[in-house]
Amino acid sequence: MIVRKVRIKNIRSFGKGPDGNGVVIGLDEGINRIAGRNGSGKSTIIESIGYALFNYNPVSGHRIDITTYMLRTGDSTGEIDVWVENSEGTFRIERDV
């Protein structure tokens, strides 16, 4: 399974994005580098993938209390979409928060 793209909306440091539909992070074939200043959302990208695909809690490894940890301050809903590719095709996993 290869992660191809992630869309994050109203999750931690990611807001609604320039068009109101969140922020899309494309991942190219090969090695991808996630870099940025403190608080720019590097960990949020990885945590969002883990939550969307595996329901993984980045803090303790158990199920997340998403209302207190994942949501952006002041927002009541959030969205995570992850596009993955395998031998059968490309699939989009959607998770509401």
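# Reading a predicted fold, from Met1 to the core

Q: Where does Met1 lie in relation to strand S1 (2-9)?

A: In this predicted model, Met1 is placed in the segment that comes before strand S1 (2-9).

Q: Is Met1 buried or exposed, and how should I read its accessibility?

A: The general idea is that a residue counts as exposed when its relative accessible area is over 50%. Because Met1 has a relative accessible area of 63%, Met1 is exposed. Together with Phe54 and Tyr56, Met1 makes a nonpolar surface patch of about 390 Å².

Q: Which residue of strand S1 would show me the opposite case, and what does it touch?

A: Consider Arg4, which is found in strand S1. The cut-off for buried is under 20% relative accessible area, and Arg4, at 18% relative accessibility, therefore counts as buried. When neighbours within four places in sequence are set aside, the contacts of Arg4 are Ile25, Gly26, Leu27, Asp28, Glu29, Trp83 and Glu85.

Q: How many helices and strands are there, and in what pattern do they follow one another?

A: The protein has 2 helices and 4 strands, and along the sequence they are arranged as β-β-α-α-β-β. Of the contacts with a separation of 6 or more, 51% are between residues 24 or more positions apart.

Q: How should I read a helix, taking H1 as the case, and which of its residues are buried?

A: The general idea is that an α-helix has 3.6 residues a turn, so residues three or four places apart point the same way. Helix H1 (42-54) has 13 residues and reaches 18 Å from its first C-alpha to its last, close to the 18 Å expected at 1.5 Å a residue. Within H1, the buried residues are Thr44, Ile45, Glu47, Ser48, Ile49, Gly50, Tyr51 and Ala52. Just after H1, Asn55 adopts a positive phi of about 55 degrees.

Q: Which residues touch the most other members of the largest nonpolar core, and which elements supply it?

A: The largest nonpolar core has 16 residues, and those touching the most other members are Ile8, Ile80, Val82 and Val97. At least two residues come from each of S1, helix H1 and strand S3 (79-86), and H1 gives the most, with 4 residues. As for Val82, its contacts, not counting residues up to four places away in sequence, include Val3 and Val6, Ile49, Ala52 and Leu53, and also Phe91 and Ile93.

Q: What share of the protein is buried, and how much area does it expose?

A: Of the 97 residues, 34% are buried, while the protein exposes about 6300 Å², with carbon and sulfur atoms supplying 47% of that area.

Conventions: Residues are numbered from 1 along each chain as its sequence is written. This is a predicted model: local features need pLDDT of at least 70, side-chain atom pairs count only at pLDDT 80 or more; totals for chains, interfaces and linings use all residues. Side-chain values use heavy atoms; hydrogens and water are left out. Patches are made of residues with over 30% relative accessible area and no salt bridge: like charges are joined within 9 Å, nonpolar side chains (Val, Leu, Ile, Met, Phe, Trp, Tyr) within 5 Å. Accessible areas come from the Shrake-Rupley method with a 1.4 Å probe; for residues, only the protein chains shown count as cover. A salt bridge is a side-chain nitrogen of Lys or Arg within 4 Å of a carboxyl oxygen of Asp or Glu. Buried means under 20% relative accessible area, exposed over 50%, partly exposed in between (1.4 Å probe, protein chains only). A nonpolar core is a set of buried Ala, Val, Leu, Ile, Met, Phe, Trp, Tyr and Cys residues joined through side-chain atoms within 4.5 Å. Contact means heavy atoms within 4.5 Å. The expected span of a helix is 1.5 Å times one less than its number of residues.
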